[in-house]
Amino acid sequence: MKSRAGALRVAVCTAFGSGWLIPRMRLYPHAAECRLQIKLHAYQPELSDSAADVFFTTTPIKDGFWSVKLLSEDLVPVGTDEQLFPDGKRGYTFITTDVEARNFMEDWKDYLGLIQKTSLLDKAAVMGASHYSFAAEMALEGVGIALVPYFLAEQRLLDGGLRIWHDTRLPTGRAYYLNVKHARRSEPSIRSFINWVRRSIAEG
């Protein structure tokens with residue numbers, strides 16, 4: 001069975017889609033001929049042929065699906081020079097994506113504990129962002145230092161818009177997976193896309 005209307009429909013979680021997949025789409029050699037369609041989702045997508053052909057998720061899909069782990073999620077602290085090196089009149093501004101009351105700023109508490117600099121919280125201002133992509137954009141605009149997955153910051157680091165504050169990375173325990181139904185794994189457009197993604201991950 002071919003993908004409907006000749007399109008290859010890819011459902012991808014927001015951070016991985018905007019940070020890893022979309023910046024690399026120009027390198028996918030079959031994008032034009034398969035009429036690639038990308039759908040971003042914040043949480044678990046609808047797991048049906050009517051929704052998509054290939055699914056990127058943060059947990060493996062088990063029943064009826066073939067799943068492969070692509071990479072683990074590590075957070076890096078990034079910001080502009082002004083935020084990385086504040087003057088003596090103010091402390092740091094930290095951007096957290098842990099915005100719920102029950103775990104507010106847990107990401108930064110864990111990170112500063114890891115690098116043994118928890119005392120920085122005493123003078124720090126805090127900004128909240130509900131998604132990694134928002135946090136990365138806030139950091140790029142000079143709002144503060146954000147903890148985001150490395151792949152999301154990578155292009156901004158290469159462009160010089162952001163710099164890494166500290167080389168230590170914080171593992172979150174989460175990972176990113178590629179999933180496709182077992183019955184559809186051998187379809188040419190799907191197989192080609194899977195092979196390209198895995199090759200791109202291996203090449204870094």
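A residue counts as buried when its relative accessible area is under 20%. In this predicted model, Tyr92 meets that criterion, because its relative accessibility is 18%. Phe94 is buried as well, at 0% relative accessibility. Trp165 has a relative accessible area of 15% and is therefore buried too.

These residues take part in aromatic pairing. The structure holds 18 aromatic pairs. One of them joins Tyr92 and Phe94. A pair of aromatic rings is described by the distance of the centres and the angle of the planes. For Tyr92 and Phe94, the centres lie 5.8 Å apart and the planes meet at 15 degrees. Planes under 30 degrees apart count as stacked, so this pair is stacked. Phe94 also pairs with Trp165. Here the centre-to-centre distance is 6.0 Å, the planes are 55 degrees apart, and the pair is tilted. The Phe94–Trp165 pair connects distant parts of the chain, with the two positions 71 residues apart. Phe94 belongs to strand 5 (residues 93-96). Trp165 sits in the loop between strand 8 (163-164) and strand 9 (170-181).

A further aromatic group forms one cluster. Its members are Phe16, Trp20, Tyr28, Phe56, Phe151, Tyr176, Phe193 and Trp196.

Helix packing was examined next. Two packed helices are described by the angle between their axes and the distance between the axes. Helix 1 spans residues 14-24, and helix 7 spans residues 188-203. Their axes come within 12 Å and cross at roughly 110 degrees. Helix 1 is therefore roughly perpendicular to helix 7. The crossing is right-handed. Helix 1 contributes Trp20, Leu21 and Arg24 to the contact. Helix 7 contributes Phe193, Trp196, Val197, Ser200 and Ile201. By class, this contact has 6 nonpolar, 1 polar and 1 charged residues. Trp20, Phe193 and Trp196, named in the contact, are also members of the aromatic cluster.

Helix 6 covers residues 150-159. Its buried residues are Phe151, Leu152, Ala153 and Leu157. Phe151 is also part of the aromatic cluster. The cover over the buried residues of helix 6 comes from several elements. Among them are helix 1, strand 4 (65-79) and helix 5 (132-140). Strand 7 (145-149), strand 8 and strand 9 are also included. Gly160 follows helix 6 and has a positive phi, near 90 degrees.

Notes:
Residues are numbered from 1 along each chain as its sequence is written. This is a predicted model: local features need pLDDT of at least 70, side-chain atom pairs count only at pLDDT 80 or more; totals for chains, interfaces and linings use all residues. Side-chain values use heavy atoms; hydrogens and water are left out. Axes are lines fitted to C-alpha atoms, for helices over the stretch in contact, and angles run from 0 to 180 degrees between N-to-C directions. Helices (H or I, at least four residues) and strands (E, at least two) are DSSP runs, numbered from the N terminus. Angles under 35 degrees count as roughly parallel, over 145 as roughly antiparallel, 65 to 115 as roughly perpendicular and the rest as oblique. A crossing is left-handed if the near helix is turned anticlockwise from the far one by less than a right angle, and right-handed if clockwise. Contact means heavy atoms within 4.5 Å. Ala, Val, Leu, Ile, Met, Phe, Trp, Tyr, Cys and Pro count as nonpolar, Asp, Glu, Lys and Arg as charged, and the others, Gly among them, as polar. Rings of Phe, Tyr and Trp (its six-membered ring) pair if their centres lie within 6.5 Å; planes under 30 degrees apart count as stacked, over 60 as edge-to-face and the rest as tilted. Buried means under 20% relative accessible area, exposed over 50%, partly exposed in between (1.4 Å probe, protein chains only).
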